[in-house]
Amino acid sequence: MSQPTTRKVIYDTDPGVDDAMALYYALAHPGIYIIGITTTFGNVTVEQAATNALYLSALAARAVPVTRGAARPWVKPGEAPPAHIHGADGLGNLSTRAPHALVLDPRPSAQFIVDMARAHPGEITLVAVGPLGNLAAALLLEPQLPQLVQEVIVMGGTVLEPGNVSPVAEANVWNDPHAADIVFNAGWTITMVGLDVTHRLILPVSLFARIAAHHQHAATDTLLHAVNFYAGFYSGLYPHVAAIHGCFGHDVLAFIYLTNPELFSLEHGRVRVVKDGLAQGQTVLRRKTIPYPQTGWDPQTPVTSVCMEVDHTGAADVFTRTMLGDWLRP
Ligand code: BDR
Ligand code: CA
């Protein structure tokens, strides 16, 4: 693995099938220590997201603190979760769930983020793979948060690749564009892992079957079930994904950026989010250096590092090696 030290991560998530995939990659990787899972609405309601985070942690025998956070967007009205993509339960409609004893941390997600950042100044990386309300709320609670956290990595947005909920918008940003614009412009070290790269990483269901056969474990069996459902959705939409009966590895790519940044090419510039109208949720990267006269594009304002290209074969190899490692106890 390319990361010599273990990074302390708060995983902000709306599990969700690819969120589950990403969680298990993070738990499997020796360079990542998940100190908490903060949940939000998105792929499912926030209640279901928290239930799923606890369940996935319990299956993997990791008692990670889990909190419940944003239940709806900051400004625009909420919408019904996309049950046709992730299943009504977010994990591909599991037929049964094993009982477990894990319970929620009582703190709201934003408070947990602030508490951890204050307790470990300069050491926490936020990996956020859902709508960004928890991070925006944490910034309100603690205006010094950008100085307290080490780094923020966001799965969301797109620059050149077409959107997945409108021609220009990616789902996480579209779900809460007001929160996203705050987060991209808070002044912390932030990297956007958007559709420009996540649409390049297509993982076949056969890989998850191989991982499940290797471990013979409830955690990887559950992941296989969920991914199979998710791949059905993507295969119905994209012929090149159907050709390998696979799915995009959106959220896991945020963690692969953390562990293997050498696989990515970046551009750097201001990212603004369109909040209303036909282009709602569009992430616009200020790529040129001329002094634009319009307000909102000031060159002195915060810069986001944006992943534009990925070595997807390298990323799939890292994912496979990590998932086949010795991370699940019997
Ligand atoms: C993002 O939206 C969600 O459906 C996925 O979990 C991912 O975070 C992809 O646009
Ligand atoms: Ca997600």
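These questions and answers walk through helix packing, a pocket and two backbone details in a predicted model.

Me: How are α5 and α8 oriented to each other?
Reply: Helix α5 covers residues 133-141 and helix α8 covers residues 177-184. Their axes come within 8 Å and cross at roughly 55°. Angles from 35 to 65 degrees fall outside the parallel and perpendicular classes. The two helices, α5 and α8, are therefore oblique.

Me: Which residues of α8 meet α5, and how do the residues of this contact divide by class?
Reply: From α5 come G133, L135, A136 and L139. They meet A179, I182 and V183 in α8. The residues of this contact divide into six nonpolar, one polar and no charged.

Me: What is the handedness of the crossing of α5 and α8, left-handed or right-handed?
Reply: The crossing angle is roughly 55°. The handedness of the α5 and α8 crossing is left-handed.

Me: How are α10 and α14 oriented to each other?
Reply: Helix α10 spans residues 205-215, and helix α14 spans residues 312-323. Their axes lie 10 Å apart, at an angle of about 20°. Angles under 35 degrees count as roughly parallel. So α10 and α14 are roughly parallel.

Me: Which residues of α14 make the contact with α10?
Reply: The crossing of α10 and α14 is right-handed. On the α10 side, the contact uses L207, F208, R210, I211 and H215. By class, the contact has five nonpolar, two polar and one charged residues. On the α14 side, the residues are F319, T320 and M323.

Me: How are α1 and α2 oriented to each other?
Reply: Helix α2 covers residues 46-59. The axes of α1 and α2 come within 11 Å and cross at roughly 40°. Their crossing is right-handed. The angle is not under 35 degrees, the limit for roughly parallel, and α1 and α2 are therefore oblique.

Me: Which residues of α2 make the contact with α1?
Reply: The contact of α1 with α2 divides into five nonpolar, one polar and no charged. Helix α1 gives A20, L23 and Y24. Helix α2 gives L56, S57 and L59.

Me: Which residues are closest to the centre of the largest pocket?
Reply: The largest pocket has a volume of about 460 Å³. It is lined by 32 residues. The closest to its centre are N43, P82, I85, V165 and A171.

Me: Which helices each supply at least two residues of the lining of the largest pocket?
Reply: The lining divides into 16 nonpolar, 10 polar and six charged residues. Several helices each supply at least two of the lining residues. They are α1 (17-28), α3 (83-86), α7 (171-175), α11 (218-237) and α13 (250-259).

Me: What kind of peptide bond joins P15 and G16?
Reply: Most peptide bonds are trans. Here omega is about -5°. G16 sits in the loop between β1 (7-13) and α1. The bond joining P15 and G16 is cis.

Me: Where does A61 lie, and what is its phi?
Reply: A61 lies in the loop between α2 and β3 (66-68). Most residues other than glycine have a negative phi. A61 is a residue other than glycine with a positive value. Its phi is near 60°.

How values were computed: Residues numbered from 1 in each chain as written. Chains lettered and ligands numbered in written order. Predicted model: local features only at pLDDT ≥ 70, side-chain atom pairs only at ≥ 80, totals over all residues. Heavy atoms only, no water. Axes fitted to C-alpha atoms, helices over the stretch in contact; angles between N-to-C directions. Helix = DSSP H or I, 4+ residues; strand = E, 2+ residues; numbered from the N terminus. Parallel < 35°, antiparallel > 145°, perpendicular 65-115°, else oblique. Left-handed = near helix turned anticlockwise from the far one by under 90°. Contact = heavy atoms within 4.5 Å. Nonpolar A, V, L, I, M, F, W, Y, C, P; charged D, E, K, R; others polar. 1 Å grid on protein atoms, 1.4 Å probe; cavity = no way out; pocket = protein on both sides within 12 Å on 5 of 7 lines; lining within 4 Å. Points joined across faces, edges and corners; volume = space filled by probe spheres on them.
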